[in-house]
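Ready for a few exercises at the bench? Have the structure open beside you, try each task, and then walk through the solution.

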Amino acid sequence: MNRALEDSNRRMLRVRDAMDRDHALPLDVPALARLAHVSPAHFARTFRATFGETPHRYLQRRRVERAMFLLRHTDRGVTDICFEVGFRSPGTFSRTFRDIVGRSPRAFRREGGALAVPTCFAMAWARPASGPSGERPREGEDGRAAPSGK
Amino acid sequence: MFTGIAQSQIYVLDQDQARAFYVDTLGLEVAADVDLGFMRWLTVSVPGHPERQILLEKPGPPALSEETAAQVRALVTKGAMGGWLVLTTQDCHRTHRTLLQRGVEFTEEPTERPYGIDCGLRDPFGNRIRFTQPTG
């Protein structure tokens with residue numbers, strides 16, 4: 001039995017859950033260490049030993065993941081998204097985003113929706129399926145209709 | 001061919017603590033709690049649904065070597081073991097309030113999603129649990 005390790009893991013998991021949940025808040029290592037009931041130095045070291053990356057990096061990845069979603073699925077401005085996901089400056093946001101994703105937030109957004117197939121195919125295949133009364137695409141040799149909404 | 005899912009399993013680190021959490025706190029009921037000699041067979045189910053049981057299994061010898069059991073415990077407490085449950089509820093917000101008062105560790109507040117309202121929590125050991133109030 002290694003209760004000490006398991007207790008430590010569980011505390012680190014609690015802090016990681018807090019980062020997932022409250023990523024937009026100004027979380028720093030001292031604040032996170034308080035959640036784990038350990039000193040800041042001990043916390044940063046233990047978190048890394050537990051999950052394989054620093055708490056700072058984990059939080060950055062969580063924020064960038066949210067930013068990727070908002071860039072692709074909303075029309076909100078990049079600076080607006082930067083603050084929304086918890087970054088304090090657009091410069092840090094752009095640098096961190098590029099470091100993790102490999103391109104800038106604007107480039108990432110531009111690529112979304114850009115399909116590398118001729119437009120007529122994209123139009124035909126991305127079109128929502130028609131309702132029960134309309135014609136449906138055939139699926140398979142028995143001619144069964146594909147499920148709607150797919 | 002198949003007619004249902006009768007049993008599933010998640011690992012817990014302490015079966016007394018697991019029973020207290022899953023039954024007294026979450027409100028599931030004990031379907032079986034039997035000392036088989038070689039193991040304690042502890043299953044819980046949603047009240048009124050004994051046909052679907054969850055085995056709360058403690059990892060350890062002789063089923064697993066002490067070394068492997070330690071690895072399983074480490075993964076459970078890191079939230080990486082993968083066992084998880086999604087329960088359904090009639091009122092997500094009310095259930096959330098009730099469980100919050102009982103000290104449950106929530107990972108996510110009730111959130112509107114295309115399939116319903118749901119939220120997330122951890123059991124005392126690190127396993128993920130969600131409950132959903134399905135749409136319509």
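**Exercise 1.** What is the sign of phi at the residue that follows helix 2 of chain A?

*Solution.* The residue after helix 2 of chain A is A:His37, and its phi is positive, near 60 degrees. Before going on, note that this is a predicted model, where local features need pLDDT of at least 70, side-chain atom pairs count only at pLDDT 80 or more, and totals for chains, interfaces and linings use all residues. Residues are numbered from 1 along each chain as its sequence is written, with chains lettered from A and ligands numbered from 1 in the order in which they are written. Helices (H or I, at least four residues) and strands (E, at least two) are DSSP runs, numbered from the N terminus.

**Exercise 2.** Find the buried residues of helix 2 (residues 29-36) of chain A, and work out how they are arranged.

*Solution.* Step one: A:Leu32, A:Ala33 and A:Ala36 are buried (20 or more other C-beta atoms within 10 Å of the residue's own, with C-beta atoms placed from the backbone). Step two: look down the axis of helix 2 of chain A; the buried residues fall within an arc of 105 degrees, so they line one face of the helix. The arc is that of the directions from the helix axis to the C-beta atoms. Step three: the cover over these residues includes helix 1, helix 3 (40-51) and helix 4 (55-73) of chain A.

**Exercise 3.** Describe the sheet of chain B with the strand order 5-8-7-6.

*Solution.* Begin with the layout: this is an open sheet of 4 strands with mixed pairing (two strands pair if DSSP finds at least two bridges between them). Next, the edges: strand 5 (84-88) and strand 6 (105-113) of chain B each have a single partner strand, so one side of each lacks a neighbour in the sheet. Then look at one pair: strand 5 and strand 8 (residues 128-134) of chain B run parallel, joined by 5 bridges. Within strand 8 of chain B, B:Arg130 stands opposite B:Val86.

**Exercise 4.** Which element of chain A gives the largest share of the side that touches chain B?

*Solution.* First, the totals: 11 residues of chain A are in contact with 12 residues of chain B (C-beta atoms, placed from the backbone, within 7 Å). Helix 1 (residues 3-21) of chain A then supplies the largest share of the chain A side, 9 residues. Finally, helix 1 of chain A lies across strand 6 and strand 7 (116-122) of chain B, at about 25 degrees to strand 6 of chain B. Axes here are lines fitted to C-alpha atoms, for helices over the stretch in contact, and angles run from 0 to 180 degrees between N-to-C directions.

Terms used: Contact = placed C-beta atoms within 7 Å. Buried ≥ 20, exposed ≤ 12 C-beta atoms within 10 Å, placed from the backbone.
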